[in-house]
Amino acid sequence: MANNIKALICDIDGTLTNGLVLYGDKGEVFKSFNVKDGLAIRKLLTKGFKVGFISGRDSAPLRIRAKELGVEFVKFNQADKKKGCLELLNEMKLGAKNVAYIGDDESDIPCCLLIPFSFAVNNSHQDLIQISRFHLKEKGGEGVINGFIEHLNLLSTNTKI
């Protein structure tokens, strides 16, 4: 199955970040992203992978990070993540069997049910852990994309990423 994976859709808060949302005294939003994830995302993109971000929230830091990494498939402020995933699959011109999904919370369950090659980060909600196909050893914000690449390489007979 891993040989057919051509794209990754990834939740952001709690997956690419540690889940904390910090506010400045003027209402500014601050988020912390791991540079290891950024390097791994760029690695996927240079290997021809399509990468998409989906989030129930929207903020300047999310948009800046996506642009900085060259992630062109994004859905922010998605109350219905399944609908957002379907839209991303359509934009990527791929079926669910050709995409992987990484999430951390209950709101990611519809995407993990839609996309069979699904991953839960180490500190995910228990309900997501129960339904996701794979479990990463990394916690959200601690280099989960490298963990995803390791899994993909272990399961693939193609050239390593």
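**View 1. Four rings, Phe-117, Phe-119, Phe-134 and Phe-148, are linked by ring pairs into a cluster.** Keep in mind that this is a predicted model. If you search the whole structure for aromatic pairs, 4 turn up. The next views pick out some of the rings and pairs.

**View 2. Here Phe-119 meets Phe-134 in a stacked aromatic pair.** The ring centres sit 5.0 Å apart, and the planes make an angle of 25°. That angle falls under 30 degrees, so the pair counts as stacked. Phe-119 belongs to strand β7, which covers residues 117-120, while Phe-134 belongs to strand β8, residues 134-135. The two parts are 15 residues apart in sequence, so the pair ties them together.

**View 3. Are Phe-119 and Phe-134 buried or exposed?** Phe-119 has a relative accessibility of 0%, so this residue counts as buried. Phe-134 has a relative accessible area of 13% and is buried too, because the cut-off for buried is under 20%.

**View 4. Phe-119 also pairs with Phe-148, this time edge-to-face.** From centre to centre the distance is 5.2 Å, with 85° between the planes. What does this pair link? It joins distant parts of the chain: Phe-119 sits in strand β7, and Phe-148 sits in helix α6, made up of residues 144-155. The two are 29 residues apart. Phe-148 is at 0% relative accessibility, so Phe-148 counts as buried.

**View 5. Stepping back from the rings, the protein chain shows 6 helices and 8 strands.** Following the chain from the N terminus, you pass through the elements in the order β-β-β-α-β-α-β-α-β-α-β-α-β-α. The radius of gyration is 14 Å, close to the 15 Å that the globule rule gives for 161 residues, so the chain is as compact as a globular protein of that length. Along the principal axes, the C-alpha atoms fill a box of roughly 50 × 30 × 30 Å.

**View 6. How much of the protein chain is buried?** Buried residues make up 50% of the 161 residues. Take the contacts with a separation of 6 or more: 54% of these are between residues 24 or more positions apart.

**View 7. Now for the outside: the protein chain has an accessible surface of about 8100 Å².** Carbon and sulfur atoms account for 51% of that area. As for charge, there are 22 positive and 19 negative side chains. The centres of these two sets lie 8 Å apart.

Terms used. Residues are numbered from 1 along each chain as its sequence is written. This is a predicted model: local features need pLDDT of at least 70, side-chain atom pairs count only at pLDDT 80 or more; totals for chains, interfaces and linings use all residues. Side-chain values use heavy atoms; hydrogens and water are left out. Rings of Phe, Tyr and Trp (its six-membered ring) pair if their centres lie within 6.5 Å; planes under 30 degrees apart count as stacked, over 60 as edge-to-face and the rest as tilted. Helices (H or I, at least four residues) and strands (E, at least two) are DSSP runs, numbered from the N terminus. Buried means under 20% relative accessible area, exposed over 50%, partly exposed in between (1.4 Å probe, protein chains only). The radius of gyration is taken over C-alpha atoms; the globule rule is 2.2 Å times the number of residues to the power 0.38. Contact means heavy atoms within 4.5 Å. Accessible areas come from the Shrake-Rupley method with a 1.4 Å probe; for residues, only the protein chains shown count as cover. Lys and Arg count as positive and Asp and Glu as negative; His and the chain ends are not counted. The place of a charge is taken as NZ of Lys, CZ of Arg, CG of Asp or CD of Glu.
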